[in-house]
2 protein chains.
Amino acid sequence: MAPRDTSKTKDRIIQAAFDLFYNQGYQATTIDQVIEKSGVSRPTVYTHFSTKEDLCQAYLKDRKAQELVDLKAEVRKGTTPRERYLAVIKGVGKALWGTGFRGCAFFNMISEIADPNHPLFHEARQYVDAVRELIRDGVIDLKASDPRYGKIDVDHVAESYYLLVGGAIMASQEYREKWPVKRALRAIEALIGD
Amino acid sequence: MAPRDTSKTKDRIIQAAFDLFYNQGYQATTIDQVIEKSGVSRPTVYTHFSTKEDLCQAYLKDRKAQELVDLKAEVRKGTTPRERYLAVIKGVGKALWGTGFRGCAFFNMISEIADPNHPLFHEARQYVDAVRELIRDGVIDLKASDPRYGKIDVDHVAESYYLLVGGAIMASQEYREKWPVKRALRAIEALIGD
DNA sequence: GTCTATATCTAGATAGAC
DNA sequence: GTCTATCTAGATATAGAC
């Protein structure tokens with residue numbers, strides 16, 4: 001029998017890891033589960049990824065890229081500076097509702113990995129940095145778009161926005177309900193005086 | 001040799017669990033570590049607690065009680081309704097700065113335990129409920145204290161407050177810095193028009 | 001009530017054949 | 001490149017003595 005196409009095999013492994021690491025957490029997920037879900041054998045996993053940690057890092061990189069693409073697409077869909085400003089919380093909300101309220105993969109990673117010098121911790125924080133920057137860009141654009149928004153304190157609005165997003169993610173996970181995102185949206189509107 | 005005083009032994013075990021579960025997480029902590037840290041033997045752990053999960057539940061109950069006592073003390077220290085309103089975020093900030101920024105034990109628990117029907121998940125959410133109620137009480141008292149605050153939307157302020165606290169906790173954990181709590185404090189002041 | 005010693009199980013990682 | 005079978009370490013929980 002001819003060997004399977006390599007890239008597809010690797011993708012299947014990552015896809016299995018994607019679901020398992022996200023839904024169960026890093027430590028609660030075993031390589032055996034990855035094997036079963038991907039339909040690939042044990043040594044095959046270890047030819048593509050040297051360790052479980054290595055596989056997790058690949059998963060996080062993948063997820064980070066994917067979520068940021070989605071979030072930026074949500075921003076681009078906005079037709080006004082205000083809509084683009086609100087796009088991040090709306091995009092986060094949509095993402096959460098589609099995933100059974102397991103919250104943010106990167107927050108969960110940081111909760112699991114106590115050591116801030118751990119590579120997986122670093123990987124997760126890069127995502128957080130990117131989201132904060134996306135929020136900040138929206139605030140800056142909004143401020144420049146209209147004299148009405150000229151008095152916005154960019155630091156204050158951007159960082160409060162980020163805190164509200166983070167709180168809404170955690171609260172969604174705690175309660176498995178939609179109100180935290182709705183509430184955050186209202187509070188984020190209020191930040192700019194709406 | 002006379003047997004050790006039981007309650008002190010049990011307390012030593014819980015104290016060891018307290019530090020380890022909080023700083024390393026539930027799954028990353030082993031019974032061996034609890035044994036070493038408490039200076040107690042393995043079977044002794046299992047005479048006081050039937051399983052690791054049972055020990056963790058005892059730890060969470062302890063921690064929940066202790067943190068709520070601290071938080072309520074912080075509220076009582078406030079001499080005006082406004083100070084008492086701000087007490088929760090200030091109390092949370094103090095607690096975080098004293099613990100090496102490992103964040104909220106209960107948030108971390110919820111991140112680790114994916115299943116919302118798990119007993120440990122339940123235990124953690126009870127803490128969250130209690131904090132939300134404490135915040136809400138402060139808002140209600142503030143509103144009643146002065147006509148100036150009469151127009152406060154209790155639901156909106158209380159829930160936004162909670163989201164800001166949650167976001168500040170997560171951001172502190174991500175960055176190991178104090179700005180998230182300071183920012184949350186300012187945003188929480190702004191919620192009531194200050 | 002507490003200990004030393006051990007059973008048992010699980011999970012990460014590897015050897016060697018095809 | 002992929003597989004079956006196995007090694008090894010480490011973790012939870014227990015048996016039996018003092």
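In this predicted model, A:Ser111 touches B:Arg102, B:Asn108, B:Ser111, B:Met170 and B:Gln173, leaving aside residues up to four places away in sequence. A:Ser111 belongs to helix H6 of chain A, which covers residues 105-112. The relative accessible area of A:Ser111 is 0%. Because buried means under 20% relative accessible area, A:Ser111 counts as buried. The residues listed as its partners carry the letter of chain B, and they lead to the contact between the two chains.

That contact draws 41 residues from chain A and 41 residues from chain B. Between them, the two chains bury an area of about 3500 Å². Carbon and sulfur atoms give 57% of this area. On the side of chain B, the residues that lose the most area to chain A are B:Leu163, B:Glu174 and B:Arg183, and together they make up 20% of what that side buries.

Polar and charged groups also meet across this contact. There are 18 residue pairs in polar contact between chain B and chain A, counting pairs with both residues at pLDDT 80 or more. Several helices of chain B give two or more residues each to the side that touches chain A: H1 (6-24), H6 (105-112), H7 (119-145), H8 (154-175) and H9 (179-191). The largest share comes from H8(B), with 15 residues. Sorted by class, this side of chain B has 19 nonpolar, 10 polar and 12 charged residues. The count of salt bridges between the chains is three. One salt bridge joins B:Asp153 and A:Arg186, whose closest N and O atoms are 4.0 Å apart.

Chain A can also be described by itself. Its secondary structure consists of nine helices and zero strands, so no strand enters the pattern α-α-α-α-α-α-α-α-α that is read along the sequence. Along the principal axes, the C-alpha atoms of chain A fill a box of roughly 70 × 35 × 30 Å. Chain A has 194 residues, and 51% of them count as buried. Among its contacts between residues at least 6 apart in sequence, 67% link residues that are at least 24 apart.

The remaining part of this account concerns DNA strand D. There are 19 residues around this strand, and those that come nearest are A:Thr9, A:Ser41, A:Pro43, A:Thr44 and B:Arg42. Of the atoms of DNA strand D that come within 4 Å of the protein, 59% belong to sugar and phosphate. Two contacts with phosphate come from chain A. A polar side-chain atom of A:Ser41 is 2.8 Å from a phosphate oxygen of the strand, and an N or O atom in the side chain of A:Thr44 is likewise 2.8 Å from a phosphate oxygen. From chain B, B:Arg42 places a polar side-chain atom 2.9 Å from a base nitrogen of DNA strand D.

Both chains take part in the surface near this strand. Helix H1 (6-24) and helix H3 (42-48) of chain A, and helix H3 (42-48) of chain B, each supply at least two residues. H3(A) gives the most, with five residues. By class, the residues of this surface divide into six nonpolar, nine polar and four charged.

Note on methods
Residues are numbered from 1 along each chain as its sequence is written. Chains are lettered from A and ligands numbered from 1 in the order in which they are written. Side-chain values use heavy atoms; hydrogens and water are left out. A residue is near a molecule or strand if one of its heavy atoms lies within 4 Å of it. A polar contact is a pair of N or O atoms within 3.5 Å; within protein, one must be able to donate a hydrogen and the other to accept it, and residues adjacent in sequence count only if both atoms are side-chain atoms. Helices (H or I, at least four residues) and strands (E, at least two) are DSSP runs, numbered from the N terminus. Ala, Val, Leu, Ile, Met, Phe, Trp, Tyr, Cys and Pro count as nonpolar, Asp, Glu, Lys and Arg as charged, and the others, Gly among them, as polar. Contact means heavy atoms within 4.5 Å. Buried area is the accessible area (1.4 Å probe) that two parts lose on being put together, summed over both. A salt bridge is a side-chain nitrogen of Lys or Arg within 4 Å of a carboxyl oxygen of Asp or Glu. Buried means under 20% relative accessible area, exposed over 50%, partly exposed in between (1.4 Å probe, protein chains only).
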